[in-house]
Structure formats: structure tokens, C-alpha cells
Amino acid sequence: MRSLADLSNNYLKESDLAFFNKLLQFQNAFYLTEHKEEVLTQLLHELCEVTKSNCAGLINNKNRLADIFVNDGQVGLLHATFQNTRATAGKNYQIKKIGGQSMLICSIRDADGILGLLYLIRSGSAFTAEDYAGVKSAIPVINGMLAFINLSDKTAPELALQLRKTASLQSLIESLDDIILELDEHTVIKKVWVKDKTKLFMPPELFIDKTLTEVMGGFAYVFIECIQTLLISGERQECVYPDFDLNKDLWYCAKFQKIDVGNEGVRVICVIEDITSKKLMSDQLQQNTVELKRINNLLDIGLDISKMGGWEYHLLSRDLFVTRQINDIKDLSHDVVLDYKTVFDYFDHSNKIILLNVLSEAFKGSVPFDIELELTSATQQKKWVRLAGVPVFENETVQSFRGILKDITHNRKNQEELIAAKNLAEQIARKRTEILSIMSHEIRTPLNGIIGICNLLDQKDFPDPQTREYVSHLSFSSNHLLNLVNDILDLEKIENKKMELNEVEGDLSALVGNIIKQFDSLAEVKGLELKFHADKGIPSTIIFDELRLGRILNNLIGNAIKFTEKGEVVVSLTTVSKKEEVVRVRFKVEDTGIGIPDHLHNLVFDKFHQVQQASHRQQQGTGLGLSITKGLVSLFKSEIILRSRMDEGTVFEFEIDFKIVKGPELRKVFKGEGQVRNILPGLKLLIVDDNPVNLLVARRQLVNFGIDAEQADNGYTALEMLKEKEFDIILIDLHMPGMDGYQLARQVQIDHPATKVVIFTADILEEVRMRLTEMGILYVLSKPFNPDEMHGLLLEVINNNA
């Protein structure tokens, strides 16, 4: 076993603790029993067992009759002497050799000198200093026992009573969860009380008569500083410190109190409490306090930035509490206190009435509220505020309301500016639509006359080639101007997302083939080879928008021929994927022309942008074609892809999904495939238009269809003619003085439902068509008209009517 000197920095072994525990049991048994010699005898037997001795003896120098021997320990009486000479000064034991045996003699001292001797005798190995260290802890216990035995018969009962009181007091102290130490002014430990001895790193007896430094080592300074301050000031001291074992997350609080014990001088009582749980709670509380403070600061900053304050109003006491931000909103200093009366002073009469009514309903119905009001601040500033509140329930009863007051002046101003900007934008859009509508009508109306007359002339045979050439040039120029107007109108529709697909059943390959035929003559003039390849896997009948798709291909093929001086232009249709109901087709238009530089690939799709090259300045155009093409492709939920290099040609391609039509194949006659003449005789038709040229062109074209149409130059005349005669179809121009086309069409629908209305107009904007659809008008013929379109529309009206 180890010496006590090692206990200050190391823990005891389990065998040491067991021995100390037995000593405590002997001590308690000695003072509680009347057979004290039996306890001492058993104690000597225990010491023999611990030291492996043959026998032992206890000599009481003040009462030799009380000597105790075990296992014939009397044999050692002759040798049991202790020489306390200068050579052995400071020693409390001696080791002697008796024949073949070894004898360990331990002195038991009191204030007067050696009170008695404890000796142990064994055979074999001689006793050593380590053997003394093993029994040293028993010396104080035996000392007390001998002192008790040596008391006179008179004082024994008084001492027994005092011991019982002390034992009761010690039991009471030891019932506490704390550790209690009694120390002198030199920090020497005199007594230790503890209920749970596992809280100590060694038995309590080993603390006695040891200084704090001896027991705690380097950690003692925590206690010593408090004790020194206590002895100087006399005031109670305490300190908080962690467990000396760094592996344990435990905290303790040591409290020091000075007491005067008379002749024994000054004593310091130290109470050590395990405050781990309290420390954790305190740390958590402190952390929560810091966090709450941080949140409050952030909330305060947020309220300041957002110009918003909080309030609380108690219904019974009528107490009103507001945060300082509400004073800021009302331009008041923070020391001004608002109550439930003065808070209304900052609203004018109308806003005050609104506020009172809202609050009254909210308080009575216990419901939330949220309103916007205008107030006048203390500095006479007009401000818009948002006031909102919610009821606060306590025991299922509304006790108060809580809410916010927010300065929304800036938001309100922005909202008003946005509304004004929106109104202005809508006004500008309406004006633009009106301008485009007027431009469309005013330009397309004379174009209708020019193109219509060209169509009539084109149907005549002129023997003079020069006359035929004049008609051809006039037709080309007028159609070019018409395309320009259509480009501008289509671009406006695409940008305003007013264009929608009008899908019908048709043959895609046949449509593309007919479009390419229109460019045969142009390609032939430039010496180009125009090729068309269609995948045989494309179904013969699918659903698509013939007009929009045709416009895309017309633009791409036209550009390809325009910018190609030699070589070829190839148009191809390829099946990308095919399912039961949907087929994906890739469209590709490829040429061997001048190409497009890489840095201009994105710019060619911009409005009014053309690729200008010095060698090709002769090419003319508006620069709208590709921009419109890109917008039309997007209508089909696709994207056009460009691949091109300078002087290596250009490729445009895109992919579109089409729905497949199941059933018999459709054979549709496209424009240019054939013309039907003189198949509509007997059709009674009335034309209403205020423009005499339009009347002339339309009437002459109808004559070619075998129709002898009648005409009227205003709506009132048309109604009179309808009263006198029944007509199968009436063609109505929209823009006429007096009664316009909308009014006339509505009157015809009401008074003459058997007469089919066909709108004959130069106004092709989407808004016009939507309005006509709402009126139930299904047939519209745009100016300038194509003879085939007029013929097809009239045939459709007749067939639907039949």
C-alpha cells in the first residue's frame, strides 16, 4: 500500500479503501459498545492479518491492566520499548530483530508523550517502512481508543454523553449532500463530514491533520485565497470551481465561514456543494438572456428599418403600451406617453371614424383587423400607416389586443406611381393598337384596290408582252408592300403575346411542297437549284397551323434564295420520333450562300437587324423576317437553331410536335393547285363598303365566280335593301361613316338571321377578331384578298349553311 504522501495527487487502490472502511467500522463499534476490549482484540487480529504477523500486543502506559495481547503476544513484552533518542527524532516506529523473528514497534502519542505502544511480530521477512505505512492509518484510531479507556470512572459517563451528542450532530451533518471541512488558520484539515464518501477521492480519515496543499496539491490555491481573504476581512467568502479531474464535467461551490472555538483558536468551516445542475441551469439562463437580448436588439433594428412599431391594449384597464417606433412614426419624442385617448388625435375626422368603427367591431367580435389609414404627425406630415391587431386570449377570454403600426407612406407612393405607370403603359398600348389599326386599315384599303385590280388584270390575256410585264411588276410591288405591313402587325402581336395558333387537319408534306413551288421561278432566275426532301415516315394527316407554319417557311426559304448567289437551297422534313398520337418533325432549310459571321448569330434575330456585307449591299429588306420567324417558332413550343460560317452557307432548323389524325387520308387542295370558276351562280350576295374602289374590285371578282352581287355604300342603305330583298350572304366593311360594320352586323343578326355575315375588312388585329368572335361572327375576309381565298370562304359559307 502507498504512503499518505502520495494521496494528494493520486487515487487509492481498492485494497486501501477496504482497510480504511474496516477501521471506520472498528471505531464506530468501539464507541457504541460496552465491550471495548473485544473490539481492540479484533482490531489487533485484523492488523496481524494485514501485516501477516504471528502475534501482536497493545501496551497502555497509563493503565497496564488494560494491555491486550493476541496469539501469545506477551512474548514481546521484554522487547517492547521505544527509544525516542536524538538519532530517532521524528520517527514514530522502530524495527527490531528477535532471534529469527522481526518486530515492528509503533508509538502512540498524546500531548504528554508516548501514550502506549503497538507491536507486531512475524517470522520470515523482516518488517520495512512500507509495512509501517500500511498500519499507520490505524494509529490515530487506536490513540483515541486508549485515551477513552484511560478516562476515570467519573468522567467516562460525561464523555460518553458528549460523544453521543457529537455522534448525533455528526450524523445530522453527514446526512447532508454537501462536503463539510473544518480547518484551522493554517489551512490544516481537522474534521471532514460527508454523506456519500464516493464524492471524495480518498477516505475522510486521510484528510485529518493534512494541509490543503498536501491533500489537493496545485489545486489548493482556489481555497487558500478565499481562506486568507476570510481571515483578514472576517466576511464570508465563496468560490466556484470545476472538478479537479478534467475528464469530469462537474462544478462545485465552496463557502467559507470563520468561527471562534475559544482555546483552540480560530476555525474555518468550508461547505462544498455540487452545483453542476445549478451551473448548467445558470449557464443556460445566461445564454438565453444573451440570446433574448440579441433577438430584442435585432427586432428593434428590424422595426426601425421597416418603420414599424408594436402596441398592446388591455380591454379592462384601458392601458395602452407602445414601442418607441410608434412615437417615431408620429414624429414624437420618446418621452411622450400615448394613451388610448391621445392616440386618436393624429387622425382627421374621416379616418378617425373609420378607425373607431373597425376597433369597435374587432373588440366586440374578438376578431383580428387590418386597415390602412392616413394620419397627420406632430410635425404636420401626412403619412399613410397600416394598423393591424389580433386578440390575445387568457382562460378562453380576450383580455387584450396586440398588433403593429407600420409607416407605409413610401409603399403607398410607390403603389400610386406603379398604378400611374400601368395606366400610362395601358394607354400607350391602346394608342399603339389604335395607330396600328388605323395604319393597317388606311394602308391595306388602297392596297386592296391595287392588288385586286392586279388580280383582275392577271386573269386577262394581254397580247402585248409589255403590258403583261407592267401588270407583273405592279403586282409584285403591291404584294411586297402588303408583306411589310403584315410583318409589322405580326411583330406587334408576337410581342404582346396576342397571337395564337389556329390548328386544323392537313397534309404537311403537300403544304411544304406547294410553298416551295412558289419559289421555283425566283430560284430559276438566279440559277439556283431548289430541292425538297420529305421523310416517308411523316403521317399524311396531322394537325397544324397552316398559316403560321407557312409564314415561317416562306421567310426562311425567301432569305436562303436572297442571300445565295450560286449553288442550292435544300428544304428537308425528317421524322425525329413517332408515337401513337404524336410525331416530332425536324424542319431544315440549308443554303450555300454568303453565311453569317459567328458574332452576329444572336443579332440576326433582333428587330430591324440585317447582316450587312460590302459585297451584298444590293439585298433589301426590313430586318423583321427572322425576328418574326423566331416568335412564330416559339408559338409551336420550339426553338430555332442557327448554324453558319462565312462563305460556307447557313442552316436553320427547328423541331415541332404534331398530333396525328387517325382515319382516312385527307386530300386538301392548296393554293395554286387549281382554280374553280363559275360554280356559284344564283348566290344572292350584298357588298357594303364606303370605298368605291373596294366595291368595284370585289364586285368584278365575284362576277368571275358567276355571282351578280349588289352593293351599298353605307349601313343604312344596306338595311333598306335587306328589307326589300333577301340575301344569302352580306359582305360588310367595318370602318364606315355613320353606322359602322359592327352595328350593321349586329342589326343583320337580329333582323335577318338567315343572311350569313362575312366581315370584309382591312383591320386584321387580334382584338378585332376576338370582338367578332364574341358577336358570333365566324367568317372574316381580309383586305387585300386573294381570289382563291374569297372563293374558298364563300364555298365554306354555302356548305355550312346547307
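User: Buried means under 20% relative accessible area, exposed means over 50%, and partly exposed lies in between. What is the relative accessible area of I301?

Analyst: This is a predicted model. I301 is found in helix 8, residues 276-306. I301 counts as partly exposed because its value falls between the two cut-offs. Its relative accessible area is 47%.

User: Which residues join I301 in a nonpolar surface patch?

Analyst: I301 is partly exposed, so its value of 47% passes the 30% limit set for patch residues. The patch covers about 330 Å². The residues that make it with I301 are L298 and I305.

User: Which helix gives the largest share of the core?

Analyst: In soluble globular proteins, nonpolar side chains tend to be buried together. Here the largest nonpolar core has 60 residues, and L47, L118 and I272 are among those with the most contacts inside it. The largest share, 7 residues, comes from residues 138-149, which form helix 4.

User: How many residues are in the second, separate core?

Analyst: This core is separate from the largest one. It includes I516, L549, L553 and F654. Its size is 42 residues.

User: Which cysteines does F256 contact, leaving aside neighbours within four places in sequence?

Analyst: F256 is one of the residues with the most contacts inside the largest core. Its partners include F223, I227, L230, V268 and I269. R236, Q237 and E238 are also in contact with F256. The cysteines are C226, C239 and C270.

User: Is K783 buried or exposed?

Analyst: K783 is found in the loop between strand 27 (779-782) and helix 21 (787-801). Its side chain makes a polar contact of 3.1 Å with that of D733. The relative accessible area of K783 is 1%, under the 20% cut-off, so K783 is buried.

User: How far apart in space are T433 and E767, C-alpha to C-alpha?

Analyst: T433 is found in helix 11, residues 409-458. At 16% relative accessibility, T433 counts as buried. T433 and E767 are 334 residues apart in sequence. In space, their C-alpha atoms are separated by 8.9 Å.

User: Which residue meets E46 in a salt bridge?

Analyst: The structure holds 26 salt bridges. In this one, the N to O distance is 3.4 Å. E46 is buried at 14% relative accessible area, while its partner is partly exposed at 36%. That partner is K22.

User: How many residues apart are E46 and K22?

Analyst: E46 lies in helix 2 (residues 36-51), and K22 lies in helix 1 (residues 14-32). The pair links distant parts of the chain. The separation is 24 residues.

User: Where is D209?

Analyst: The side chains of D209 and K190 meet in a salt bridge of 3.5 Å, N to O. K190 is in strand 7, 19 residues away. D209 is in the loop between strand 7 (189-194) and helix 6 (212-216).

User: What is the N to O distance in the salt bridge of K725 and E710?

Analyst: K725 sits in the loop between helix 18 (715-724) and strand 25 (729-732), and E710 sits in strand 24. K725 is partly exposed at 35%. E710 is partly exposed at 28%. The N to O distance is 2.5 Å.

User: Which residues are linked in a network of salt bridges?

Analyst: Side chains of opposite charge can pair when their charged atoms come close. Here the pairing extends to a network. Its residues are R584, R586, E655 and D657.

Note on methods. Residues numbered from 1 in each chain as written. Predicted model: local features only at pLDDT ≥ 70, side-chain atom pairs only at ≥ 80, totals over all residues. Heavy atoms only, no water. Core = buried A, V, L, I, M, F, W, Y, C linked by side-chain atoms within 4.5 Å. Buried < 20%, exposed > 50% of the residue type's maximum accessible area, 1.4 Å probe, protein only. Helix = DSSP H or I, 4+ residues; strand = E, 2+ residues; numbered from the N terminus. Contact = heavy atoms within 4.5 Å. Patch = residues over 30% accessible without salt bridge, like charges linked within 9 Å, V, L, I, M, F, W, Y side chains within 5 Å. Areas by Shrake-Rupley, 256 points an atom, 1.4 Å probe, with all protein chains shown as cover. Salt bridge = Lys/Arg side-chain N within 4 Å of Asp/Glu carboxyl O. Polar contact = N/O pair within 3.5 Å; in protein donor to acceptor, adjacent residues only side chain to side chain.
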